Amino acid sequence: MTHCSIAIVGCGIAGLSAAIGLHDKGHDVTLLERFEEPKPVGSGLMLQPTGLHVLGQLGLLPAIEAAGQRIDGMLGKLSGTDKVILDIRYTALAGDLYGVAIHRAALFEVLYNAVVMRGITLRTNCDVTGMEVNADKACLKVRGETNHDAYDFVVDASGRQSALMSLSSHPPVYRQLEYGALWATVDLRSEFSAKLLEQRYQKASVMVGILPCGRVSHRDNPVATFFWSVRNDKLRNLLEQGIESWKKQVVSYWPAVEPMLDEFSSFDDLTHAEYSHHTLPVPYGDKLVFIGDAAHATSPQLGQGANMALLDSAALVLALDARRANSSNFTEVSMYYSKLRRVHVRTYQAASYLLTPFYQSDGSFLPAVRDWIFQPVSQLPLMDKVLATLGAGMLGNPVGSLMKATANVEKQVAKNPRI
């Protein structure tokens, strides 16, 4: 049997993109979502050339570019000065590469509409709490009760709080990060470039950012995501000081954002996000594979979460194609998927983990090193390309590796006309 019945748990970026890719390959896909109505959670994000490639393969790039905002670089400065701490430009890379910043609501709408247009089965109000394998089929447990719908394969895209994570042969390596952020959607003001992610820093304990995000359906003007770095254990003190006191503090670090802050009448207008770092050493179990944040989560310093989720979905589709070519079993599918993604995921988790203290921490030494050395180092020959490659999610050439693997699988399929 070349095509499979597949259950995908979770309607986030990873789950929706995997559903589209697998359906387009002829698999019978069922999406299960715990909420009564699927909806996005979060603010704006950066789609890098890696994620854009996957969306292009799904035929969704025009819709994404129409909803989002082309970004040509990232610019960070020390608060109160013009000293550049971070300057990454896509022009340093070969080809017309760029990022697209997009609000999660807009990205969700594009992916969700593609699922609906394809007629992919979606079951809501399904809180998946476990899974069992019977007679070579996988059955999911919904709220503790076994659902007797049987699947050949299950994809867990339910995020870092996944109830199925214990079914991996190795427990996750988990660490809660000290810093999170307050974020909100605001109108993009003319004082800010529409094509740059901009940030201001004071040591590593203060970071203010503005990310232009294109448009969302419920607002008339182009929008941006505003974010403010905050230690999680200091959030209560911040809230107790009141919104006006906090606004004055923000403006003292970056006066140009003051008009945006007028959109906040209370802290209820902002959302607090906590960050964690976890890795499933083996992102699969018996007839089960983990993708996206269920398999790996990290700090947002390099903005790679959504892009890695999209690459995961593409790698999984390829691994199931390889099963057709090689008559592989599902364990071999999972192992091949893991192999395709291992190097890139580990590279960016390590890079994000190492860079976080330079931008979100209480110390003085690391941010001093950052302020002193990062800008002159970036001026060295070829360093602009290295930094752009890192920021664009292209270190290790994940797209090229997937394309090479795809070509090999297609050759194998072509050799066997019965497949």
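**Exercise 1. Cavities**

Task: Work out how many cavities of 30 Å³ or more this predicted model holds, and which residues line the largest cavity.

Solution. Start with the count: the search turns up two cavities of 30 Å³ or more. Next, take the largest cavity, whose volume is about 90 Å³. Now list its wall: Leu280, Pro281, Pro283, Ala295, His296, Tyr337, Ser338, Arg341, Arg342, Val345 and Arg346. Finally, sort that lining by element, and H9 comes out as the biggest contributor, with six residues.

**Exercise 2. An open site**

Task: Find the volume of the second largest pocket and say which elements give two or more residues to its lining.

Solution. The volume comes to about 530 Å³. The lining has 20 residues, and the closest to the pocket centre are Lys25, Gln57, Ala314, Val317 and Thr406. Grouping by element, two or more lining residues come from each of helix H1 (13-24), helix H2 (49-57), H8 and helix H12 (398-415).

**Exercise 3. Nonpolar cores**

Task: Identify the residues with the most contacts inside the largest nonpolar core, and the helix that gives the most to this core.

Solution. The largest core has 59 residues, and Ile8, Leu47 and Ile64 have the most contacts inside it. By element, helix H8 (residues 305-326) gives the most, supplying twelve residues. Then zoom in on Ile64: once neighbours within four places in sequence are set aside, it is in contact with Leu47, Leu52, Leu55, Val100, Ile102, Leu107 and Val110. Last, don't miss the second core, which is separate and has 24 residues, including Leu182, Phe192, Leu235 and Met260.

**Exercise 4. Two ring pairs**

Task: Classify the aromatic pair Tyr201 and Tyr359, then do the Trp228 and Trp246 pair.

Solution. Two numbers do the job here: a pair of aromatic rings is described by the distance of the centres and the angle of the planes. For Tyr201 and Tyr359 those are 5.3 Å and 65 degrees, and the pair is edge-to-face. In sequence the partners are 158 residues apart, with Tyr201 in strand E14 (residues 196-202) and Tyr359 in helix H9 (residues 330-359). Both of these tyrosines are buried.

For Trp228 and Trp246 the centres are 6.1 Å apart and the planes sit at 90 degrees; edge-to-face needs over 60 degrees, so this pair qualifies. Trp228 belongs to strand E16 (residues 223-231) and Trp246 to helix H6 (residues 243-253), so the pair ties together parts 18 residues apart in sequence. Trp228 and Trp246 are buried too.

Now widen the view. Eleven aromatic pairs turn up by this rule, and ring pairs join Phe226, Trp228, Trp246, Tyr253, Phe264 and Phe267 into a cluster.

**Exercise 5. Around Tyr359 and Phe374**

Task: Say which residue lies over the face of Tyr359, and whether Phe374 is buried or partly exposed.

Solution. Over the face of Tyr359 lies Arg370, 5.3 Å from the ring centre. Elsewhere, the charged end of Arg34 sits over the ring of Phe35, at 5.2 Å from its centre.

On to Phe374, which is found in helix H10 (residues 365-378). Its relative accessible area is 24%; buried would need under 20%, so Phe374 counts as partly exposed. Not counting residues up to four places away in sequence, Phe374 touches Ile85, Phe358, Tyr359 and Val369. As a distance check, the C-alpha atoms of Phe374 and Tyr353 are separated by 17 Å, with their positions 21 residues apart along the chain.

Terms used:
Residues numbered from 1 in each chain as written. Predicted model: local features only at pLDDT ≥ 70, side-chain atom pairs only at ≥ 80, totals over all residues. Heavy atoms only, no water. Core = buried A, V, L, I, M, F, W, Y, C linked by side-chain atoms within 4.5 Å. Buried < 20%, exposed > 50% of the residue type's maximum accessible area, 1.4 Å probe, protein only. Helix = DSSP H or I, 4+ residues; strand = E, 2+ residues; numbered from the N terminus. Contact = heavy atoms within 4.5 Å. Phe/Tyr/Trp six-rings, centres within 6.5 Å; stacked < 30°, edge-to-face > 60°. Lys NZ or Arg CZ within 6 Å of the ring centre and 35° of its normal. 1 Å grid on protein atoms, 1.4 Å probe; cavity = no way out; pocket = protein on both sides within 12 Å on 5 of 7 lines; lining within 4 Å. Points joined across faces, edges and corners; volume = space filled by probe spheres on them.
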